[in-house]
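Subject: Structure handover

Hi,

Here is the structure I promised to pass on to you. Have a look at it first, and then read on for what I found.

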Amino acid sequence: MGLNDSSPGTMRNGRGLSDQWAESVVVRPRTTERHITVHKRLVLGFALSILTLIIVTAVAVVLSIRFEECDGQNREAAAGGSGSRGSGGSAKLNGSRGERTGERGDEEAAVQPWRNLRLPGSVRPRHYDLRLAVYMDNFTFSGEVSIELECVNATRFIVLHADRLEVDRVTVTAEGGVGGRPNNRPGGGVMRVHRHFAFPANQMYVVVLHREMKPMRVYRLNVSFDAAIEDELLGFFRSSYTLQRERRYLAVTQFSPIHARKAFPCFDEPVYKATFSLALRHDQQYTSLSNMPVESSSLPDDDGTVTNRFARTPRMSTYYLAWAVCNFTYKETQTDGGVTIRLYARPDAISSGAGDYALHITKRLLGFYQDYFKVQYSLPKLDLLAVPKHPYAAMENWGLSVFVEQKILLDAEVSSSSYQMELTMVVVHEICHQWFGDLVTPVWWEDVWLKEGFAHFFEYVGTDFLFPKWNMEKQRFLTDVLHEVMLLDGLSSSHPISQEVEQATDINRVFDWIAYKKGAALIRMLANVMGQPLFQKGLNDYLLSHMYGNAARDDLWRKLSQAMRSEGRDIDIGEMMDRWTLQMGYPVVTISKNQSEQLPTRYITISQEHFLYGQEVRNSNNDSLRWQVPLTVAVGNMSTTSLQSLIWINNRTETHRIALMGDNTWLLGNVNQTGYFRVNYDLQNWKLLIQQLHGNPQIISVGNRAGLIDDAFNLARAGYLPQGIPLQLIGYLPEETSFLPWHAASRALYQLDKLLDRTEEYSLFSDYVLKQVAARYHQMGWPTNGPGSEGSVLQASYQTEELQRELIMLACSFGNKQCHRQAVAYISDWISSNKNRIPPNIRDIVYCTGVSLMDEDVWEFIWMKFHSSSAVSEKKILLEALTCSDNTFLLNRLLNLSLTSDLVPEQDVIDVIIHVGRNPQGRNLAWRYFREKWDILNARYGEALFMNSKLISGVTEFLNTEQELNELKDFIQSSGVGAGPALPRALEIVEGNVRWHRLHRRQFYQWLRKPPSPALG
Ligand SMILES: [Zn+2]
């Protein structure tokens, strides 16, 4: 799945599950007391004949079983209907019953596989025949599924998943042996169904048979059911768009991770792979799509419906099944290998060519991945479907990947290069999943990072294939992935990347930044340790061995170790990687030149400890974590550098000999920042590195320049380094000509800005930043190409444009007067000429600066443009610009309009609140608004992946006073129950902010008041 920073929320709805499920229980409940009195009366009344007594007793025993079962069902329904879907809580109901039941009842009470959170595994699906009739006029559908099952262990129970489905009829037949031999017995092998019922607590459906199914035999389960086409973004859901002023509807699926069960009864765990044959019946005015091509299509019936039958899929997991019913049009292309790629979208988007770019790169990417993995794309076609609403950026359904429009439609006229880059990476990500995910699927959700980490890593590798000049994997990866996730993973509230998941409600939790970004960073580190040819060889072997199946992380480690051994390199990849995947956090590696007399020179001491921002936690937890750290070290002086080979650090402290080291040579660890750790040095070495950067920065690689900046700021923030070191280090920035170090610096500076912008001495800080920025900013100037000019975004020289943009952003946000004048001039020109001549790449900066500096009329002008604009990317930045005003009345109005009217798209409301919070004038407002509206916000976005945590971190990250910390604690105590890991994380961050002020602010400003000369005394 693609991450979406601006993903619309999955709404929590108020459907009365309890009523619905109570009705679907087959037998009405009765109490045990009543059963006992009935029993006594029977015994007394018919005691005349012993024969009769025996018969009656037998009847009573049967009845007692029935009554017990009914009683149990009543409680099951109650447990599930209490609103806590999937919340377990059912295990304790197990114990108290069974004493009065007969033998069979006992057995059933002891073994009730539906009470386990996971499916029992006694039967496995082999094939699903799914027939659906879709009614777009009333948004319902009815279905029949026929599942071919293989019995693994003898059992009377078929337990599978179903949620929000109204099950109508259930039949089971015995089909024969596993070889598929047909059953010719009289009666057609019909198995008598004892009863069937829903167990909503675990979103399961249970079929109990009269007699056991036998291992190695095949059975067929038929279920017919009805359901609604959901109004929220999961299962089989609907959305709409307008075409020529007419509202049109479409319906599409989102099954990952656990929503296939909302569309048909199925074994909804990734390991139960099966083949699927789907038939869809719907009104003839609609088109339907699924994973596979249409095999046959019926002529319209009398009622105007058609039926499309889709070809049988390969073996796959339920959550990759997909279908859509819409009246979109498409454009198509073909790969050299004959795979048809189509892009489906709103007819107006197709005719304007907005899908052409994605179609073009998808074709190239299929070729790229086939070459890289040396495994062909598995299906005859790949459809890309652009939908107006989707809970994620995109979803990689096999052969039918679904994208939210903003992540696949590109209007080259008005799109900035960062919009294009984001879109490109989403496409690269989803296409990678066709192998890592669809073809080979993680066994269980604890290893979701196996697919998401790979897809995220390949976003950079695949984009480099498309645009080699962008240099994504060597550069942008560092700031956007590595630096970003090390911020989170340096908190003591972080968690290991492989995390245990059992409950359905916990599964959403595993799709977080740690899985995506740390996953990608670890894979990149591993690829660099192995070297690309061996890494590729291992992946190829892994994919071939597990294609159409599932794999766990150990399967991957085994294949990669084998690849290494084939070249005579004996590294146990599993042993190494377990340290990184099963432990949370990462180490800081400290390199010091040996000062002691006992060891000869040229020896260095290297130590590792768990990097944590919180000094208190650090000191108290005794630092027991160790990693196997692949450390690369370079030594250099003013004019040369040389790379030492890889040193493995396994212990707390080690001593190593560095051959080329002299008194005035510096050491640099983690060459090109390929490793997932931070590096610290003795102060003398920091000074040598800083001198190097001031004197001749090019000697150190771009990646390491960015890495030094990020490490220095974060080490200082956590108290490992004096506050002056990072400030002194960025004193070299006037010499810096590359984008990446600037980007790393600006990220760190904005972090500090949030801490400092309400302090009295703030101007000391902003003046220092402006001093570093001024020369390069004036040299680069402003972009000249207006929209629609030659050299469209597709050809953009990304590095130059991005650097220019970064400098303008720094200059304008820290208060460079010339930058302000330029932005105001652009806005005035727009208003007076009604022509927007602002280059797309910097529109967000100009709009925001204009709104913050100019009067209320400009705010109204932007508000009006927001309403009239139709380009999705433009709309978004206009909306964000409105949050830049320093007029709290306007900000308040915007917040209220966002939440209560439909003027602001639902998925953007959260961004509005966060952006108001980023505005120093809006901070208190956003923080108060968030607390006041928490119930509404949590109800709306609580279940959406990322949304809640994004909102919580967005409005709390700038809190940094004791009073704000207390407000946050009060809020957590009164309202924060059940908000997941975001609130504890926010608390830790705010505590860190307050601590920084207490411990470090004075030193920080002291340095700024009297910076030492670059020569460093
Ligand atoms: Zn993904």
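Let me begin with tryptophan 580. Not counting neighbours within four places in sequence, tryptophan 580 is in contact with Ile497, Lys518, Leu522, Met525, Tyr586, Pro587, Trp627, Gln628, Val629, Pro630, Tyr676 and Phe677. Please keep in mind that this is a predicted model.

Tryptophan 580 also belongs to the largest nonpolar core, which has 303 residues. Together with Phe264, Trp323, Phe373, Trp435 and Phe765, Trp580 is among the residues that touch the most other members of that core. Helix H11 supplies the largest share of this core, with eleven residues. Another core lies apart from it and has 16 residues, including Phe237, Leu243, Val252 and Leu400. As general background, nonpolar side chains in soluble globular proteins tend to be buried together.

Now for the overall picture. The protein has 1017 residues, and 60% of them are buried. Its secondary structure consists of 33 helices and 31 strands. Take the contacts between residues at least 6 apart in sequence: 73% of these join residues at least 24 apart. The accessible surface is about 39,600 Å², and carbon and sulfur atoms account for 50% of that.

On to the charged pairs. How many salt bridges does a search of the whole structure find? There are 43. In general, side chains of opposite charge can pair when their charged atoms come close. Three of these pairs and one network seemed worth passing on.

The pair I would look at to start with is arginine 118 and glutamate 269, which form a salt bridge with their closest N and O atoms 3.3 Å apart. This pair links distant parts of the chain, 151 residues apart. Arginine 118 sits in the loop between helix H4 (103–110) and strand E1 (123–135), while glutamate 269 sits in the loop between strand E10 (246–254) and strand E11 (275–283). Are the two partners buried or exposed? Glutamate 269 has a relative accessible area of 4%, so it counts as buried, the cut-off being under 20%. Arginine 118, at 24%, is partly exposed. The two side chains are also joined by a polar contact of 3.3 Å. Leaving out residues up to four places away in sequence, glutamate 269 touches Leu117, Arg118, Leu119, His161, Thr318 and Trp444.

The next pair brings us back to a residue from the start of this note, since Lys518 is one of the contacts of tryptophan 580. Lysine 518 forms a salt bridge with aspartate 489, with 2.9 Å between the closest N and O atoms. Aspartate 489 lies in helix H9 (residues 472–489) and lysine 518 in helix H11 (residues 513–530), so the salt bridge ties together parts that are 29 residues apart in sequence. Both residues of this pair are buried.

Glutamate 874 and arginine 843 make a further salt bridge, at 3.3 Å from N to O. Because glutamate 874 is in helix H25 (residues 872–882) and arginine 843 is in helix H23 (residues 843–853), the pair ties together parts that are 31 residues apart in sequence. Glutamate 874 and arginine 843 are both buried.

Finally, the network: salt bridges link Arg126, Glu148, Glu175 and Arg220.

Happy to talk any of this through once you have had a look.

Best wishes

Conventions: Residues are numbered from 1 along each chain as its sequence is written. This is a predicted model: local features need pLDDT of at least 70, side-chain atom pairs count only at pLDDT 80 or more; totals for chains, interfaces and linings use all residues. Side-chain values use heavy atoms; hydrogens and water are left out. Helices (H or I, at least four residues) and strands (E, at least two) are DSSP runs, numbered from the N terminus. Buried means under 20% relative accessible area, exposed over 50%, partly exposed in between (1.4 Å probe, protein chains only). Contact means heavy atoms within 4.5 Å. Accessible areas come from the Shrake-Rupley method with a 1.4 Å probe; for residues, only the protein chains shown count as cover. A salt bridge is a side-chain nitrogen of Lys or Arg within 4 Å of a carboxyl oxygen of Asp or Glu. A polar contact is a pair of N or O atoms within 3.5 Å; within protein, one must be able to donate a hydrogen and the other to accept it, and residues adjacent in sequence count only if both atoms are side-chain atoms. A nonpolar core is a set of buried Ala, Val, Leu, Ile, Met, Phe, Trp, Tyr and Cys residues joined through side-chain atoms within 4.5 Å.
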